Amino acid sequence: MSPEFALMPEQASSVSAEYDALLFTEIGISVFFGVGICLAIMFLAWRYRAGSEVDRSDPPEGDMRLELLWSGIPLVIALGLFVWSAKLFITMRTAPKNAMELHVIGKQWMWKIQHPGGKREINELHVPVGKDIKLVMSSEDVIHDFFIPAFRVKMDVLPGRYSMLWFKPIREGTYRFFCAEYCGTSHSKMIGRVVVQSPADYASWLSGGGNNEPPEVAGKALFESFRCGTCHREGLTGRGPVLDGLFGKQVRLAGGGMVVADENYLRESILDPGGKIVEGYQKLMPTYRGQIGEEGLMQLIAYLKSIAPDGKQPEEKR
Ligand code: CUA
């Protein structure tokens with residue numbers, strides 16, 4: 001069955017299977033007693049309805065054994081569920097000591113992630129399979145919530161403090177994560193994917209995007225790692241203007257007026273995206289001020305200058 005239509009998300013972390021077992025045990029017990037009690041009520045209401053021919057002499061006054069039984073059984077079940085869930089809760093809230101630590105920052109409306117070596121990514125989370133991963137999370141604005149259904153983990157991400165989440169992916173593959181706290185207009189777009197890779201693939205992914213490259217190549221890597229294309233590529237979300245072949249062109253602005261898409265315009269649009277909104281678009285893009293240094297800006301602009309209307313760099317066409 002395709003994952004989009006599965007009843008439950010895949011069991012892709014070390015706690016997923018036990019989490020589901022606990023959930024289904026609780027549902028099973030609730031259904032068993034709920035349905036059983038309903039059926040008993042309906043049966044007795046029917047049997048002792050007015051005018052029915054049943055023996056009503058000598059009704060029972062009470063039965064201590066029965067009282068003990070129906071108090072004792074739920075007590076044992078409830079305590080059993082408590083011990084089981086408390087044990088699982090403690091496991092899920094206590095990160096292993098040697099866990100790999102990643103930083104996650106939520107902001108309206110994107111997720112920024114940084115790996116131990118300094119590598120960053122946006123709305124994507126690459127992790128090696130079989131490793132304990134700890135996320136240290138904070139928000140730049142309002143309350144968000146980091147939720148990976150396949151891992152059965154979910155935690156609020158708060159401004160002004162760190163919250164923590166850990167998991168151990170047990171299966172390679174791509175899973176989805178969501179913001180699970182309503183945080184404004186584009187809350188529903190605050191989503192991404194977790195890419196669980198073999199340790200070797202993860203290492204090579206980490207080492208990708210070095211520094212000794214022509215500025216437009218480094219800029220392309222920045223463009224991709226900042227996920228600019230999520231909004232600024234043709235045929236995708238259409239949230240932002242397409243940038244292919246933009247450099248040097250005239251741009252019509254919302255509220256009238258024209259501007260030439262030169263270096264200063266691109267620079268302003270990265271650092272202060274609300275300053276000049278292109279006609280037909282909304283102020284959605286967050287500022288990258290403080291996230292990208294002078295060198296990065298220069299590389300990004302070099303890349304934007306190099307892309308032709310078809311989105312290819314000159315050397316890709318050869
Ligand atoms: Cu962030 Cu909802």
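Here are short questions and answers on one strand and on how two domains meet.

User: What kind of model is this, and how are residues numbered?
Analyst: It is a predicted model: local features need pLDDT of at least 70, side-chain atom pairs count only at pLDDT 80 or more, and totals for chains, interfaces and linings use all residues. Residues are numbered from 1 along each chain as its sequence is written, and side-chain values use heavy atoms, with hydrogens and water left out.

User: What makes strand E10 mostly covered?
Analyst: Buried means under 20% relative accessible area (1.4 Å probe, protein chains only). Five of the six residues in E10 (residues 192-197) are buried. A strand is a DSSP run of at least two residues, numbered from the N terminus.

User: Why are E4 and E10 called paired?
Analyst: Pairing needs at least two DSSP bridges between two strands. E4 (residues 124-128) and E10 have five, in the parallel sense, so they are paired. Val 127 stands opposite Val 196 there.

User: Which residue of E10 stands opposite Tyr 175?
Analyst: Val 194 does. E9 (residues 173-179) runs antiparallel to E10, over five bridges.

User: Why is Glu 124 with Arg 227 called a salt bridge?
Analyst: The definition asks for a side-chain nitrogen of Lys or Arg within 4 Å of a carboxyl oxygen of Asp or Glu. Here the closest N and O atoms are 3.7 Å apart, so the pair qualifies. The count between domain 1 and domain 2 is one salt bridge.

User: Where do the domain bounds come from?
Analyst: From an automatic or database domain assignment. Domain 1 spans 100-206 and domain 2 spans 215-306.

Notes:
Buried means under 20% relative accessible area, exposed over 50%, partly exposed in between (1.4 Å probe, protein chains only). Helices (H or I, at least four residues) and strands (E, at least two) are DSSP runs, numbered from the N terminus.
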